[in-house]
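New to this one? Here is a quick tour to read with the model open beside you.

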Amino acid sequence: MEKTALTIGGVEIPLGGTARIKLPMVKLYTDTNMSMPVFVKRGKRSGPTLFISAAIHGDELNGIEIISRIIQSKYLDSLKGTLIAVPIVNGYGVLSQSRYLPDRRDLNRSFPGSQRGSLAGRVADRFLNEIVSKANYGIDLHTGSLHRTNLPQVRANLDDPETLAIAKAFGVPVLMNSNLRDGSLRECANDVGAKVILYEAGEALRFDELSIRAGVKGVVGVMRHLGMLPKSRSKKSLSEPRIARSSSWIRATDSGFTTHIKELGDLVEAGDVLAEIKDPYGDILDKVLCKNGGIIIGKQNIPLVQEGDAMYHIAHFSSPDEVAGHVESMQDELMDSEASLNLIDYKSS
């Protein structure tokens with residue numbers, strides 16, 4: 001549960017208080033000051049502390065929009081506990097539209113960091129000690145990498161019962177069991193006592209409306225599960241998500257121009273043709289075949305491939321047909337024009 005006193009960046013936020021904090025970071029060599037934007041909202045009643053973070057990779061932008069919609073919503077008017085929202089963790093990467101920091105390090109492999117370490121290490125240290133260590137739970141928002149799109153999915157250590165319950169509450173059809181990786185935010189968050197799930201959806205450097213709506217709905221679902229928001233009055237029950245314990249990449253078997261036959265979210269079986277690779281004259285060089293059945297949860301978008309390029313990410317389930325049905329239902333629900341109006345209420349400007 002949260003503590004009565006909460007201080008971030010030297011700013012004390014009391015129960016019932018709201019703050020927008022510019023957490024000082026290492027300045028640019030142009031003598032330009034840099035800061036990490038932090039939004040804190042505390043309910044008048046005590047409860048859990050949840051952090052939401054986005055843009056740990058600077059080219060992954062969907063999470064920024066998800067957090068801004070949460071901040072601007074009326075949901076927080078009835079908040080119990082504390083929400084700490086960081087829409088841009090890696091401001092350096094956002095400025096350069098790059099996954100990495102100027103020192104070419106991946107921030108999500110630089111935790112716990114150090115006050116005297118590399119730039120990435122210093123950012124990691126500040127974020128871990130000022131934000132993560134003060135929370136009980138966390139949701140880290142990501143997208144696919146450049147030229148790749150991910151189906152909305154949650155990745156987490158699903159062998160931990162409490163983390164599994166949070167992942168299910170997010171409400172997306174696909175849960176990927178993902179062990180804690182050295183240097184990752186999730187590993188270090190676990191070390192300081194915060195249970196963290198990772199949401200993957202969409203593509204780098206793009207806003208994807210389906211992914212954003214699924215993300216907003218997922219964050220609200222987790223907050224309801226934790227008792228931070230009132231339970232939904234809707235009588236519609238959530239579809240039980242399916243857990244994938246394994247996944248595999250299908251790689252290009254030749255170099256050329258690709259025509260995709262299967263798309264994100266499709267149910268595929270062993271032997272299915274996923275794509276055709278052609279030469280500049282349009283002659284087919286090879287067909288990319290599925291090796292093991294499952295659901296396509298990640299896909300390359302660019303139509304140019306080199307032999308060996310990762311083209312399709314396929315998750316394997318015991319009942320993949322059920323997952324495919326859940327994916328289709330999610331897409332229909334979130335993109336329905338009338339349903340979307342009821343997804344979230346915003347404050348009047």
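What follows is a short briefing on helices, strands and a few backbone spots. Keep in mind that this is a predicted model. A good place to begin is helix α6, residues 209-225, which packs against helix α1 at an angle of about 50 degrees and against helix α7 at about 90 degrees. After that come an open sheet of 4 strands, the buried side of helix α4, and some loop residues with backbone angles worth a look.

**Helix α6 and its two partners**

- Start with α1 (residues 62-71): its axis and that of α6 are 9 Å apart.
- With an angle of about 50 degrees, α1 and α6 are therefore oblique to each other, and α1 passes α6 in a right-handed crossing.
- On the α1 side, the residues in this contact are N62, E65, I66, R69 and I70. They meet E209, S211, I212, R213, G215, V216, V219 and V220 in α6.
- Sorted by class, that contact holds 6 nonpolar, 3 polar and 4 charged residues.
- Now turn to α7 (residues 320-335), whose axis lies 10 Å from that of α6.
- The angle here is about 90 degrees, so α6 and α7 are roughly perpendicular to each other.
- From α6, the residues E209, L210, R213, A214 and K217 meet M330, Q331, E333, L334 and M335 of α7.
- This contact of α6 with α7 has 5 nonpolar, 1 polar and 4 charged residues.

**The open sheet**

- Following the sheet across, the strand order is β16-β15-β13-β18, with antiparallel pairing.
- Which strands stand at the edges? They are β16 (284-289) and β18 (304-305); each has a single partner strand, so one side of each is left without a neighbour in the sheet.
- Strand β15 covers residues 273-278, and 5 bridges join it to β16.
- To find that pairing on screen, look for V273, which stands opposite L289 in β16.

**Strands β8 and β9, and helix α4**

- Here the strands run parallel: 4 bridges join β8 (residues 148-156) to β9.
- R155 stands opposite M176 in β9.
- Strand β9 spans residues 174-177, with V174 and M176 pointing one way and L175 and N177 the other. Are these residues buried or exposed? All of them are buried.
- Helix α4 (residues 161-170) has buried residues too: T163, L164, I166, A167, A169 and F170.
- What covers the buried residues of α4? The cover includes β7 (137-142), β8, β9, β10, α6 and β11 (242-244).
- Just after α4 comes G171, with a positive phi of about 85 degrees.

**Backbone spots in the loops**

- F111 and P112 are joined by a cis peptide bond, with omega about 5 degrees. Look for P112 in the loop between α2 (91-96) and α3 (119-130).
- D31 is not a glycine, yet its phi is positive, near 65 degrees. You'll find D31 in the loop between β3 (18-25) and β4 (34-42).
- At a relative accessible area of 54%, D31 counts as exposed.
- L205 also has a positive phi without being a glycine, at about 60 degrees. The loop that holds L205 runs between β10 (195-203) and α6.
- L205 is partly exposed, with a relative accessible area of 24%.

Note on methods. Residues numbered from 1 in each chain as written. Predicted model: local features only at pLDDT ≥ 70, side-chain atom pairs only at ≥ 80, totals over all residues. Heavy atoms only, no water. Pairing = 2+ DSSP bridges. Helix = DSSP H or I, 4+ residues; strand = E, 2+ residues; numbered from the N terminus. Axes fitted to C-alpha atoms, helices over the stretch in contact; angles between N-to-C directions. Parallel < 35°, antiparallel > 145°, perpendicular 65-115°, else oblique. Left-handed = near helix turned anticlockwise from the far one by under 90°. Contact = heavy atoms within 4.5 Å. Nonpolar A, V, L, I, M, F, W, Y, C, P; charged D, E, K, R; others polar. Buried < 20%, exposed > 50% of the residue type's maximum accessible area, 1.4 Å probe, protein only.
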